[in-house]
Amino acid sequence: MDETLTPAMLEDLLERCPDALSGDVALPEDVLARYPDARAALDDLKRLVWELETTLKPVYPRPDFVQELKFALVQAPAPGETPGPGWFPRRSLQVAGAVAIGAGLWYIAIRRRNRGEPGASPLVT
Amino acid sequence: MTVPVDYEDEARLIAQAKEDAEAFGALYERYVERIYNYVYYRVGNQQDAEDLVARVFYRALANIDNYEDRGVPFSAWLYRIAHNLVANWHRDRSRRNIVPLDDLIIAGAVDGMPEAVAESQEEHARLIEAVRRLSPDRQQVLILKFVERLSNVEIGGIMDRTEGAVKSLYHRTLITLRDALTLPAAEPKKKRRWFGLRRTRSK
């Protein structure tokens, strides 16, 4: 007896035929007999996969952004590192981490200010 | 866009990065594009993506001493930081009721004849809109699979799921997306037309 293919059944079908989306895999005869619309449903999904492949393409960050952020990260005190001789005793990693986060927030605030976003940070006027 | 990871080299770099910011810079260069891709597709515009990517790497730098190699790649650790920060960003956005600009629509444009570009962009936009209405986990699996080109095993490492669970999530996501794009209930005011998809739920 023909049955309408529900999403749950379609999922079961994909579990049963894991390669059905990646190539021209013949569906089992009992499946086709039971669900006449299974082939059409799989064709839909194959088409969707193709559209996802052509739409979700890699994007690349701006080179300036990549370089600026690297510079800012490398300048930030690393955990366990002193910013300068005699200024900052070797302290816990948490302190160094807090400094790094502070530097990050400062960097983001400066970027926002440069973009002209008003009130981006109370620290930057 | 992914390259095979030399785990010994990576472990050495991570150990160095705990003491030396220059070494962290090398790790940063290795992963910045991948993390940017992930964040960009989750937030939909360049400015917020850049801010969030900066936060990801500052947080990673601040916490790298807590990173322990337990069979989970360093990239998975970065993706989890990014995932959490993006979730916070969406939470803040929804509180302020701000809809981000969809630079993605432009990014998704394909080369082609001029008359085909507008229609193509519209189709890309509709697909991206539908993707962005999915739950965060479903968006994540699509981005990691299609943008980052990761295998189910690699995606499982990032999402802390088994390979089989990733596969199931992927299948459910495709079916949901197909229904969102083809069933009239998803957009009742417009006549649905999306690529060549047909309704397969016959009555």
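Colleague: I would like to start with one residue of this predicted model: in which helix of chain B does B:Asp137 lie?

Modeller: B:Asp137 lies in helix H7 of chain B, and since the model is a predicted one, everything I say about this residue is computed from the modelled atoms.

Colleague: Is B:Asp137 buried, partly exposed or exposed, and how should I read the value behind that word?

Modeller: The idea is to place a relative accessible area between two cut-offs, because a residue under 20% is called buried and one over 50% is called exposed. B:Asp137 has a relative accessible area of 28% and is therefore partly exposed.

Colleague: Which residues does B:Asp137 touch, once those up to four places away in sequence are set aside?

Modeller: A contact is read from heavy atoms within 4.5 Å, and by that reading B:Asp137 touches B:His83, B:Met159, B:Arg161 and B:Leu169. For one of these, B:Met159, the separation can be given in two ways, as 22 residues in sequence and as 8.3 Å in space from C-alpha to C-alpha. With another, B:Arg161, there is a polar contact between the two side chains, at 2.6 Å.

Colleague: Turning to the backbone, what is the sign of phi at B:Arg149, and where in chain B is this residue placed?

Modeller: Phi of B:Arg149 is positive, at about 60°, although the residue is not a glycine. B:Arg149 sits in the loop between helix H7 (136-147) and helix H8 (152-159) of chain B, and with a relative accessible area of 43% it is partly exposed.

Colleague: What is phi at B:Asp160, and which loop holds that residue?

Modeller: B:Asp160, again a residue other than glycine, has a positive phi near 60°. Its loop runs between H8 and helix H9 (163-182) of chain B, and B:Asp160 is exposed, because its relative accessible area is 63%.

Colleague: Now for chain A: how many helices and strands does it have?

Modeller: Chain A has five helices and zero strands, so that its elements, followed from the N terminus, run α-α-α-α-α. Of the 125 residues in chain A, 41% are buried. When contacts with a separation of 6 or more are considered in chain A, 42% of them join residues 24 or more positions apart. The area that chain A exposes is about 7,300 Å², and carbon and sulfur atoms supply 57% of this area.

Colleague: How many residues of chain A are in contact with chain B, and what area is buried between the two chains?

Modeller: In this model 56 residues of chain A are in contact with 60 residues of chain B. The area buried between chain A and chain B is about 5,300 Å², with carbon and sulfur atoms giving 65% of it.

Colleague: What is the count of salt bridges between chain A and chain B, and how many residue pairs are in polar contact across their interface?

Modeller: There are four salt bridges between chain A and chain B, including one that B:Arg172 forms with A:Glu11, where the closest N and O atoms are 3.3 Å apart. For polar contacts, the rule finds seven residue pairs across the interface of chain A and chain B, with both residues at pLDDT 80 or more.

Colleague: Which helices of chain A supply the side that touches chain B?

Modeller: Helix H1 (7-16), helix H3 (38-55), helix H4 (63-75) and helix H5 (93-114) of chain A each supply at least two residues of that side. The largest share, 13 residues, comes from H3(A). Sorted by residue class, the side of chain A that touches chain B has 33 nonpolar, six polar and 17 charged residues.

Note on methods. Residues numbered from 1 in each chain as written. Chains lettered and ligands numbered in written order. Predicted model: local features only at pLDDT ≥ 70, side-chain atom pairs only at ≥ 80, totals over all residues. Heavy atoms only, no water. Helix = DSSP H or I, 4+ residues; strand = E, 2+ residues; numbered from the N terminus. Buried < 20%, exposed > 50% of the residue type's maximum accessible area, 1.4 Å probe, protein only. Areas by Shrake-Rupley, 256 points an atom, 1.4 Å probe, with all protein chains shown as cover. Buried area = accessible area lost by both parts, 1.4 Å probe. Salt bridge = Lys/Arg side-chain N within 4 Å of Asp/Glu carboxyl O. Polar contact = N/O pair within 3.5 Å; in protein donor to acceptor, adjacent residues only side chain to side chain. Nonpolar A, V, L, I, M, F, W, Y, C, P; charged D, E, K, R; others polar.
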